[in-house]
Amino acid sequence: MYLVFGQDRSNYQQAIFSILSLLPQLHDNDEVVVITDSCDRFEILNTKIRIIKISNETLEAWKGNYGNFFRIKIMAMLHVAKDTNNKSILYLDADTFLFGNFQNLRVHLENGYNIMHTNEGKLSASKSKSQKPMWKSLKGKTVENIVITDSLCMWNAGVIGISKAHIDALDIALKLCDTISKTDIKPRLIEQLSVSIALSHLGGIQSAENDIGHYWGNKPMWNEKIEDVFLDNYFKNLTIEDLTQTIKTIDFKEIPIHIKSRDTKLRLQKLVSYIFKDRKVEFIKKRE
């Protein structure tokens with residue numbers, strides 16, 4: 001399932017690209033569900049997906065009493081869980097793509113394991129400026145009957161897979177999200193932390209990073225690549241089947257998944273060199 005809303009065109013391009021990367025490996029009984037406020041932007045996939053139209057009023061209500069924007073993701077997953085009779089659910093952020101074997105993820109879910117994208121390490125040992133205050137605020141406390149110990153890991157929520165055996169994890173995650181929102185923790189990572197706690201509490205979490213790429217740290221270069229693919233589709237008048245085959249031939253190692261924010265010069269060099277390809281670009285060194 002995907003959740004895409006708002007006016008940013010790149011989000012829709014990313015989601016369509018992600019779905020196209022999945023389609024060749026899906027089974028007949030798999031279903032792709034997209035929750036969106038802009039159904040017309042997915043017309044190209046209208047026979048391949050099921051669209052759930054969501055209103056701006058509902059999206060606003062899903063933020064909850066504390067106005068947490070990222071709480072919307074948990075609410076969307078709960079909506080789909082009820083709508084699909086509590087089957088296993090695999091949520092993907094728009095800025096993802098399948099480069100590995102989807103069967104690996106399917107087997108995890110069928111065997112009762114839950115999935116998130118990447119283990120970012122123990123919260124207690126994190127040196128991140130955003131995660132250190134989270135640990136300071138929560139260490140040793142009991143939140144929704146779950147003790148926060150130093151073994152808790154923060155997982156990246158670009159991919160969230162909930163096995164049907166643990167579908168109640170979404171209710172737990174929502175309660176955790178609302179309870180933690182009452183603290184002084186910044187809202188940006190509360191949803192991700194809440195899902196990490198809930199799924200860790202219910203059993204082990206399997207990583208999706210060996211099969212799904214998540215380029216949240218390098219969107220400019222990936223957006224350029226995706227636009228190239230879609231423009232080729234437009235001019236060549238390719239079918240969806242042709243387009244999925246084209247995506248399968250892409251060398252996903254060609255573009256970095258993530259460039260650290262501190263490497264600003266490297267980010268600019270790689271972005272400009274990719275856009276201009278063989279053109280010589282001379283960078284002006286930062287003044288002393």
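1. In what order do the strands of the open sheet of four strands run, and with what pairing? In this predicted model, the order is β4-β11-β6-β12, and the pairing is mixed. The edges of this sheet are formed by β4 (89-92) and β12 (205-207), each of which pairs on one side only. From one strand to the next, the twist averages 20°.

2. Two of the pairings in the four-stranded sheet can be followed residue by residue. Strand β6 (residues 114-116) pairs with strand β11 (residues 159-162) in the antiparallel sense over two bridges, and Met 116 has Ile 160 in β11 as its bridge partner. Strands β4 and β11 also run antiparallel and are joined by four bridges, with Ile 89 standing opposite Ile 162 in β11.

3. The surroundings of this sheet deserve a separate look. Helix α3 packs on the sheet and touches β4 and β11, its direction making about 145° with that of β4. Helix α7 likewise packs on the sheet, where it touches β6, β11 and β12, and its direction makes about 150° with that of β6. In a regular strand, side chains alternate between the two faces of the sheet. For β11, both faces are covered, since Val 159 and Gly 161 on one side are buried, as are Ile 160 and Ile 162 on the other.

4. Which side chains meet in a salt bridge between helix α7 and helix α3? They are those of Glu 191 and Lys 73, with a distance of 3.3 Å from N to O. Glu 191 lies in helix α7 (residues 190-201) and Lys 73 in helix α3 (residues 71-83), so that the pair links parts of the chain that are 118 residues apart. Glu 191 counts as buried because its relative accessibility is 3%, and Lys 73 counts as buried because its relative accessibility is 10%; the cut-off for this class is under 20% relative accessible area.

5. A second open sheet has three strands, in the order β1-β2-β3 and with parallel pairing. Its edge strands are β1 (2-4) and β3, each pairing on one side only, and its twist averages 25° from one strand to the next. Strands β2 and β3 pair in the parallel sense over four bridges, and the bridge partner of Ile 35 in β3 is Ile 52. Helix α1 packs on this sheet, touching β1 and β2, and its direction makes about 160° with that of β1.

6. How do helix α1 and helix α9 pack, in terms of the angle and of the distance between their axes? Helix α1 (residues 9-22) and helix α9 (residues 240-248) pack at an angle of about 85°, and their axes are 8 Å apart. Because of that angle, α1 is roughly perpendicular to α9, the range for this description being 65 to 115 degrees. On the α1 side, the contact involves Phe 17, Leu 20 and Ser 21, which meet Ile 240, Leu 243, Thr 244 and Ile 247 in α9. Sorted by character, the residues of this contact comprise five nonpolar, two polar and no charged.

7. Helix α9 also takes part in a salt bridge through Glu 241, whose partner is Lys 48, with the closest N and O atoms 2.9 Å apart. Lys 48 sits in the loop between β2 (33-36) and β3 (50-53), whereas Glu 241 is in helix α9, and the pair thus links distant parts of the chain, 193 residues apart. Is each of these two residues buried or partly exposed? Lys 48 counts as partly exposed because its relative accessibility is 34%, and Glu 241 is partly exposed, with a relative accessible area of 43%.

8. How many salt bridges does a search of the whole structure find? The search finds 11. Among them, Lys 63 and Glu 60 meet through their side chains at 3.2 Å, taken from N to O. In addition, Glu 31, Arg 50 and Asp 83 are linked in a network of salt bridges.

Methods. Residues are numbered from 1 along each chain as its sequence is written. This is a predicted model: local features need pLDDT of at least 70, side-chain atom pairs count only at pLDDT 80 or more; totals for chains, interfaces and linings use all residues. Side-chain values use heavy atoms; hydrogens and water are left out. Axes are lines fitted to C-alpha atoms, for helices over the stretch in contact, and angles run from 0 to 180 degrees between N-to-C directions. Angles under 35 degrees count as roughly parallel, over 145 as roughly antiparallel, 65 to 115 as roughly perpendicular and the rest as oblique. Contact means heavy atoms within 4.5 Å. Ala, Val, Leu, Ile, Met, Phe, Trp, Tyr, Cys and Pro count as nonpolar, Asp, Glu, Lys and Arg as charged, and the others, Gly among them, as polar. A salt bridge is a side-chain nitrogen of Lys or Arg within 4 Å of a carboxyl oxygen of Asp or Glu. Buried means under 20% relative accessible area, exposed over 50%, partly exposed in between (1.4 Å probe, protein chains only). Two strands pair if DSSP finds at least two bridges between them.
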